[in-house]
Amino acid sequence: MLIGAMNHPTRDVLEEIRWMAEMGLEFVDLTLEPPAAASWRVDAKAIRRELDRTGLKVVGHTAYYLPIDSPFEEVRQGALSELKRCLKIFGEVGAKWMNIHPGRYTPMHPRSFFVQRDIDSFRELQETARESGVGLMVENIPHDFNTVEQLAELLDPLPEVGLHLDIGHSNLGVPHNTGCELIRTFGSRLRHVHFHDNNGHADQHLPLGTGNIDFMAHIEALKEIGYDETITLEVFAPDDHFLRYSRDVLRRLWTDQTVPLRLATLA
């Protein structure tokens, strides 16, 4: 299992890679978003050199607000153009997977409309994805794509697309956390995971153990399916102590599942 973090879109990408390496993380969840990490601003060759120098691996992440479901065709095509550019950059820096957040904002249209627009958009990206050597992943999001039935609407017709499971999201907009169900149902499609905590009411991106998510249960489910790949700690706080704490908690829980989360504190 590899532990990583996401670069902050307002900061220099190369500097973000350096502090992650210094912290002992193993990969960067590279998000290409403006203002500082926009796809049209970053230097892919420089990023690849820095990744090679530090030994960090990389997973591709894109902006959650790209409207791939837009009923305005020109707007949808604009979002796809951006995602194609991201795919090419991720291919250059060595990422094997890139996530996409499904769209769900089409007022006065039925659910079937934005589901089909999402499917069409994924299909239109496949050629560029194959040319770039980068696979596509769909990320679960609260409310509309957060249950087995909802995600099946996208994954069933798109066999080439993987699942990017966000455990924090799976705790929001549902009667109970759906993370374990998603792991066990779509385990063969699981390509990447996000860990962060919350209180079940808001997407707070808290350190592990400070909300109400049962991370032990999710780790057990991941081990049941043999998952041993990348986990991003999407912990957002000004003080990096909380990211370091979550890193150490995750490592300890992963290697010793008998340790209660409340006792998995820093040594």
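In this predicted model, Asp 197 sits in the loop between strand 7 (190-195) and helix 7 (215-224). Asp 197 is buried, because its relative accessible area is 0%, and the cut-off for a buried residue is under 20%. Its side chain makes polar contacts with the backbone. One goes to the backbone nitrogen of Gly 209, at 2.9 Å. Another reaches the backbone nitrogen of Asn 212, at 3.4 Å. Leaving aside residues up to four places away in sequence, Asp 197 touches Gln 204, His 205, Leu 206, Pro 207, Leu 208, Gly 209, Thr 210, Gly 211, Asn 212, Ile 213 and Phe 215. Gly 209 and Asn 212 therefore appear both in this list and as backbone partners of the Asp 197 side chain, within the 3.5 Å limit for a polar contact. Between Asp 197 and Ile 119, the C-alpha to C-alpha distance is 30 Å, with a separation of 78 residues in sequence.

Aromatic rings were examined next. The count comes to 3 aromatic pairs. One of them joins Phe 114 and Phe 145. Their ring centres lie 6.0 Å apart, and the planes meet at 75°. The pair is edge-to-face, because planes over 60 degrees apart are classed that way. Phe 114 belongs to helix 4 (residues 111-132). Phe 145 lies in the loop between strand 5 (135-139) and helix 5 (148-155). The pair thus links distant parts of the chain, 31 residues apart. Phe 114 is buried, with a relative accessible area of 7%. Phe 145 is also buried, at 0%.

Phe 195 and Phe 215 form a tilted pair, because their planes stand at 50° and their ring centres are 5.1 Å apart. Phe 195 lies in strand 7 and Phe 215 in helix 7, so this pair ties together parts 20 residues apart in sequence. Both rings belong to buried residues. Phe 215 is also one of the residues that Asp 197 touches.

Helix packing was examined last. Helix 2 (residues 44-54) packs with helix 3 (residues 73-93) at an angle of about 35°. The two axes are 8 Å apart. The crossing is right-handed. From helix 2, the contact involves Ala 44, Lys 45, Ile 47, Arg 48 and Leu 51. These meet Ile 89, Glu 92 and Val 93 in helix 3. By class, the contact has 5 nonpolar and 3 charged residues, and no polar ones.

Methods
Residues are numbered from 1 along each chain as its sequence is written. This is a predicted model: local features need pLDDT of at least 70, side-chain atom pairs count only at pLDDT 80 or more; totals for chains, interfaces and linings use all residues. Side-chain values use heavy atoms; hydrogens and water are left out. Axes are lines fitted to C-alpha atoms, for helices over the stretch in contact, and angles run from 0 to 180 degrees between N-to-C directions. Helices (H or I, at least four residues) and strands (E, at least two) are DSSP runs, numbered from the N terminus. A crossing is left-handed if the near helix is turned anticlockwise from the far one by less than a right angle, and right-handed if clockwise. Contact means heavy atoms within 4.5 Å. Ala, Val, Leu, Ile, Met, Phe, Trp, Tyr, Cys and Pro count as nonpolar, Asp, Glu, Lys and Arg as charged, and the others, Gly among them, as polar. Buried means under 20% relative accessible area, exposed over 50%, partly exposed in between (1.4 Å probe, protein chains only). A polar contact is a pair of N or O atoms within 3.5 Å; within protein, one must be able to donate a hydrogen and the other to accept it, and residues adjacent in sequence count only if both atoms are side-chain atoms. Rings of Phe, Tyr and Trp (its six-membered ring) pair if their centres lie within 6.5 Å; planes under 30 degrees apart count as stacked, over 60 as edge-to-face and the rest as tilted.
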